[in-house]
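Colleague: Could you take a close look at one part of this model for me? I'd like to hear how that part sits among its surroundings, and then whatever else helps to place it.

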Amino acid sequence: MATGRTHRTATRSRGIPEATVARLPLYLRALTGLAERSVPTVSSEELAAAAGVNSAKLRKDFSYLGSYGTRGVGYDVEYLVYQISRELGLTQDWPVVIVGIGNLGAALANYGGFASRGFRVAALIDADPAMAGKPVAGIPVQHSDDLERIIADNGVSIGVIATPAGAAQPVCERLVAAGVTSILNFAPTVLTVPDGVDVRKVDLSIELQILAFHEQRKAGEVADAAAAAAEAVADGTAPVVAAKVRGGSGGRGKGPDGDVPAVMPA
């Protein structure tokens, strides 16, 4: 079986834009769900909706893969799963090391989605001597003194950093020196790497802060709307709504009990 050390995906050489590459996992997740339900084909509109993009963008992305679908039929689900998996390099084995086995590192080690997507957790590494030998997700933790040997023995080219912020850069430098060329960084810091090394950063606190911004904006919009309505009522420019007007003159619009619902301008 091929490993990440012996094969690099040809995405860049084929000129696929980074934005398209970032959307391929979204398409693959949606397609995998369809395949699990034995759905044979899917239209661009249906797949785009499932992936959270517009259909024109999806068709453009798929054109880079050489897949245009069949008019009136759509895309073959199983074929697209294979095609995208191959483009992402998921049809081979990618050994991964996780460095930093605290709460987050242990949670990542226990994540079952790695194996099903072509990633094998080859080793767990931590600087705490007390952690050495302890099994996490069935894998014994190894001490960080052995990092370089572990990388070489397992042919690792992808490293996951889940250390505290202060330890992340030194760990990153050791991984790179040992031959790791792709890093997934969960530490709350920005890593400096040489050319040829790819870093993807996952910062949960930043994502929560972005959500907090949107929540604050939505709350502000509601408050502004309420204030505008109150001001309109105060200056007499808003309609006055009466639930019922009893004893009104004339009989038009009366209900069975003689009440007249009314919406009257001020």
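**Strand 4 and its surroundings**

Modeller: Let's go with strand 4, residues 119–126: six of its eight residues are buried, so the strand is largely enclosed by the rest of the structure. Keep in mind that this is a predicted model. The protein chain averages a pLDDT of 84, and 83% of the residues score at least 70. There are weak patches, though: pLDDT is below 50 over residues 241–266, a stretch with 22 contacts in the model beyond near neighbours in sequence.

Now for the partners of strand 4. On strand 3, the two strands run parallel and are joined by six bridges. If you want a pair to click on, Val 96 has Val 121 of strand 4 as its bridge partner. Strand 4 also pairs with strand 6 (residues 139–143), again in the parallel sense, over three bridges. Here Leu 124 stands opposite Val 141 of strand 6.

Zooming out, these strands belong to an open sheet of seven, ordered 5-6-4-3-7-8-9, with mixed pairing. Strand 5 (135–136) and strand 9 (198–201) stand at the edges; each has a single partner strand, so one side of each lacks a neighbour in the sheet. Going along the order past strand 3 (residues 94–99), you come to strand 7 (residues 158–161), and those two pair in the parallel sense over four bridges. Ile 98, for instance, has Val 160 of strand 7 as its bridge partner. Helix 8 (residues 165–178) packs on the sheet, where it touches strand 3, strand 7 and strand 8 (182–185). The direction of helix 8 makes about 170 degrees with that of strand 7.

What about the nonpolar cores? The largest one has 21 residues, and Tyr 27, Leu 31, Val 42, Leu 47, Leu 58, Phe 62 and Ile 84 touch the most other members. Helix 1, helix 2 (44–51), helix 3 (55–64) and helix 4 (77–87) are the elements that give it two or more residues. Helix 1 supplies the largest share, six residues. A second, separate core has 19 residues, among them Val 97, Ala 122, Ile 161 and Ala 187.

Back in the largest core, Leu 31 is a handy anchor: leaving aside neighbours within four places in sequence, it is in contact with Val 42, Leu 47, Val 77, Leu 80, Val 81 and Ile 84. Several of those names come up again in helix 4, whose buried residues include Val 77, Leu 80, Val 81 and Ile 84. The polar ones Gln 83, Ser 85 and Glu 87 are on the buried list for helix 4 too. Together, the buried residues of helix 4 pack against helix 1, strand 1 (41–42), helix 2, helix 3 and strand 2 (75–76). At the start of helix 4, a side-chain oxygen of Asp 76 comes to within 3.2 Å of the backbone nitrogen of Glu 78. Just after helix 4, Gly 89 takes a positive phi of about 80 degrees.

One last stop is Arg 23, in helix 1 (residues 18–36). Its relative accessibility is 17%, so Arg 23 counts as buried. The Arg 23 side chain makes a polar contact with the side chain of Asp 61, at 2.7 Å. Beyond its neighbours within four places in sequence, Arg 23 is in contact with Val 53, Lys 57 and Asp 61.

Technical notes: Residues are numbered from 1 along each chain as its sequence is written. Side-chain values use heavy atoms; hydrogens and water are left out. Buried means under 20% relative accessible area, exposed over 50%, partly exposed in between (1.4 Å probe, protein chains only). A polar contact is a pair of N or O atoms within 3.5 Å; within protein, one must be able to donate a hydrogen and the other to accept it, and residues adjacent in sequence count only if both atoms are side-chain atoms. Contact means heavy atoms within 4.5 Å. pLDDT is the predictor's confidence in each residue, from 0 to 100. A nonpolar core is a set of buried Ala, Val, Leu, Ile, Met, Phe, Trp, Tyr and Cys residues joined through side-chain atoms within 4.5 Å. Two strands pair if DSSP finds at least two bridges between them. Axes are lines fitted to C-alpha atoms, for helices over the stretch in contact, and angles run from 0 to 180 degrees between N-to-C directions.
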